[in-house]
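Trainee: I would like to take a close look at one part of this model and then see how the rest is built around it. Please go through it slowly, with the geometry spelled out.

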Amino acid sequence: MAAETAASAFAERYREQVSSLSATELVQAISEIEAIYQTVSKPMGYASLRFAADSADAAVGAFMQKQQERGTGLSVTLMFFELELQAIPAARISELVADPALGAYRHYVQTTCAMSPYRLTEKEEIILEEVANTGSRAWTRFYDETLANHEFKLYRPGTDEPEIMTEQEVLDLLRDGDRAVRQAAADSLTAGLTEIERLLVFNFNNMLQDKAVEDRLRGFDYPEQSRHLANELDREIVDLVIRLCREQYGLVARYYHVKREILGYDELTHIDRYAPLFESEELIDWDSARELVLTAFGQFSPEMSRRAEEFFVSNWIDAEARPGKRGGAFCSYNTPDTHPVVFQSYLNKLNDVMTLAHELGHGVHASLSRAQTYFNYHGTLPLAELASTFGETLVFEKLVEQASLKDKVALYADKIEGMFATVFRQAAMFRFEQRAHEARRSEGEQTLAQLNAIWHEEQQAMFGDSVKLGEQHARWWSYIPHFVHTPFYVYAYSFGELLALSLYGKAKEQGAAFEPKYLEVLTRGGSLNPEQLMAIVDVDLRSEEFWRGGFRAMETFMSEFERLWAEYQAQTAA
Ligand SMILES: [Zn+2]
């Protein structure tokens with residue numbers, strides 16, 4: 001209960017005092033509240049790691065829930081601090097921010113006060129916070145639980161007895177090598193979503209309206225504004241990135257035309273988007289993967305390699321595949337006074353090496369950011385995938401150097417599909433969200449058919465004539481959790497990937513001069529906003545030319561892929 005005692009003491013000491021604090025006193029207060037939040041985040045972080053390592057352990061679930069409730073209690077006690085800070089007149093905030101005594105907490109004060117115009121009174125904030133537990137949060141949970149527990153019936157080709165599957169299992173089968181199995185998965189997904197369509201449409205409308213109401217009460221002008229504020233980005237920058245993505249949709253069509261040729265189909269539909277081209281041949285054992293990643297990192301930056309090596313030496317990677325372990329991979333970095341950890345199930349495939357490189361990219365970022373205090377430790381979402389994509393690309397080039405021609409084609413296809421799913425698909429999703437929010441605000445409740453039409457139009461625009469999205473696909477917006485959980489989250493993916501690709505191009509141009517600046521960006525963690533961080537590497541996020549660099553990089557991957565495919569065909573024909 002140390003944290004609760006500290007929180008009460010903090011409230012006692014500072015309530016109704018925040019506006020009269022000097023810069024030095026404010027620093028003292030922020031470091032105290034920061035220490036409380038850091039303390040409570042540890043058991044929570046521990047619980048989620050334990051849960052990932054062994055999801056069958058029921059005690060961990062209960063422990064996690066308990067810590068979550070504890071966190072809510074503490075935020076209510078401590079909420080006054082932010083609100084009082086936000087109530088300080090702008091002129092006084094400018095003075096404080098200009099005071100060198102504020103040091104690294106300048107960013108905390110600036111980002112907190114950027115929300116000032118949109119905050120309500122403490123009483124109103126508490127009401128919103130409390131009713132959200134039975135309002136939007138309850139609806140989100142209901143949505144999650146409904147989808148997670150819904151039984152999808154899969155009829156394997158040639159059978160009329162269904163297999164009962166989870167949504168995730170059905171989605172995985174959309175990547176099956178057998179087209180008939182993919183069609184069966186698409187049928188199963190569509191039928192399952194149809195069974196609960198009333199709920200999904202009602203829920204989504206409700207979330208759209210919930211956001212509209214909160215935005216109106218807080219005084220936001222347009223639906224994505226609150227997300228931009230949280231991401232510390234201007235509308236102009238985000239709109240520029242999305243516009244360029246839409247202009248470059250032709251790259252997607254170019255890729256899928258080649259994919260159709262490789263698969264030997266007359267036409268690609270929604271069930272062929274994730275069809276595997278061919279299995280990679282080579283296997284890479286754990287020691288070789290370690291060697292490969294550290295060498296690739298080291299050729300760019302010895303410091304980066306040294307930081308990554310620490311994960312192997314100190315046993316900060318859980319790479320063993322075993323029953324009960326959660327799927328997927330991630331790098332967890334909770335507080336700067338504890339070390340980051342990487343989590344994956346390594347199965348010796350080329351793809352596993354890429355995953356390791358990706359997570360260790362995050363790992364190096366986290367390791368360097370430990371120079372910051374807790375409030376400045378984590379960067380904003382749009383920069384979250386910068387170091388991972390960068391690290392992955394370094395290793396990709398190394399991996400390709402030594403691969404067979406066939407593996408090269410497969411590696412390039414994987415890389416391109418991954419990039420496109422991140423850059424273009426998320427941009428199309430962002431457009432869907434924008435239009436859905438606008439339509440709900442101007443026209444009222446949306447029907448399934450109306451929402452389907454928006455989804456179909458935006459997704460089809462991305463594929464052009466290369467993939468014909470069938471009727472089934474129109475309702476597939478309804479299982480995307482981001483739309484319900486975190487409106488407008490998706491554009492950060494496009495943003496981050498393009499940023500990393502364009503920066504990678506700069507790194508190659510500038511050679512050794514780039515390395516120290518890049519490491520500086522990572523070391524700064526979340527102590528600066530994205531524009532300030534990118535200024536360290538001489539990047540202007542408002543520059544169209546900079547973003548075009550990201551598309552040029554994708555185009556280079558695409559041309560190399562086409563060249564390799566032609567070479568492979570010539571070789572197999574001979
Ligand atoms: Zn990542």
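Which residues does Q426 touch, not counting residues up to four places away in sequence?

Mentor: Bear in mind from the start that this is a predicted model. Leaving aside residues up to four places away in sequence, Q426 touches A421, V490, Y493 and S494. Q426 itself belongs to helix α19, which covers residues 405-443, and its relative accessible area of 11% means that Q426 counts as buried, the limit being 20%.

From that residue one can step out to the protein as a whole, which has 25 helices and seven strands. The radius of gyration is 25 Å, close to the 25 Å that the globule rule gives for 574 residues, so the protein is as compact as a globular protein of that length. The C-alpha trace spans about 80 × 55 × 50 Å along its principal axes, and 51% of the 574 residues count as buried. Among contacts with a separation of 6 or more, 76% are made by residues 24 or more positions apart.

The metal site deserves a careful reading. The zinc ion is coordinated by NE2 of H358, NE2 of H362 and, listed twice, an OE atom of E385, at 2.1 to 2.7 Å. The spacing of these donor residues in sequence is H-x3-H-x22-E. H358 lies in helix α16 (residues 350-369), whereas E385 is in the loop between α17 (381-384) and α18 (386-402), so this pair ties together parts that are 27 residues apart in sequence. For comparison, ideal angles are 109.5 degrees for four tetrahedral donors at a metal. Here the angles among the four donor atoms run from 51 to 139°, and the site of the zinc ion is irregular; a tetrahedral assignment would need all angles between 85 and 135 degrees. In terms of accessibility, H358 is buried at a relative accessible area of 16%, while E385, at 27%, is partly exposed.

Aromatic contacts are the next theme, and the structure holds 44 aromatic pairs. One of them joins F396 and F557 in an edge-to-face arrangement, with 5.6 Å from centre to centre and 65° between the planes. Since F396 lies in helix α18 and F557 in helix α25 (residues 544-573), the pair ties together parts that are 161 residues apart in sequence. F396 and F557 are both buried. The rings of F546 and W547 have centres 5.3 Å apart and planes at 70°, so that pair is edge-to-face as well, and both of these residues are buried. Ring pairs also link a cluster made up of Y249, Y255, Y256, F420, F424, F463, F551 and F561.

Two arginines sit over tyrosine rings: the charged end of R179 is placed over the ring of Y265, 3.8 Å from its centre, and the charged end of R235 is placed over the ring of Y222, 3.5 Å from its centre.

Finally, helix α5 (residues 106-114) shows how a helix can pack in this model, with H107, Y108, V109, T112 and C113 buried. The buried residues of α5 pack against α2 (23-53), α3 (58-87) and α4 (90-98). As a general point, an α-helix has 3.6 residues a turn, so residues three or four places apart point the same way.

Key: Residues are numbered from 1 along each chain as its sequence is written. This is a predicted model: local features need pLDDT of at least 70, side-chain atom pairs count only at pLDDT 80 or more; totals for chains, interfaces and linings use all residues. Side-chain values use heavy atoms; hydrogens and water are left out. Donors are N, O and S atoms within 2.8 Å of the metal (3.2 Å for Na, K and Ca); water is not among the atoms, so sites may look incomplete. Four donors count as tetrahedral if all angles lie between 85 and 135 degrees; four count as square planar and six as octahedral if opposite donors are over 155 degrees apart and all others between 65 and 115; anything else is irregular. Helices (H or I, at least four residues) and strands (E, at least two) are DSSP runs, numbered from the N terminus. Buried means under 20% relative accessible area, exposed over 50%, partly exposed in between (1.4 Å probe, protein chains only). Rings of Phe, Tyr and Trp (its six-membered ring) pair if their centres lie within 6.5 Å; planes under 30 degrees apart count as stacked, over 60 as edge-to-face and the rest as tilted. A charge sits over a ring if NZ of Lys or CZ of Arg is within 6 Å of the ring centre and within 35 degrees of the ring normal. Contact means heavy atoms within 4.5 Å. The radius of gyration is taken over C-alpha atoms; the globule rule is 2.2 Å times the number of residues to the power 0.38.
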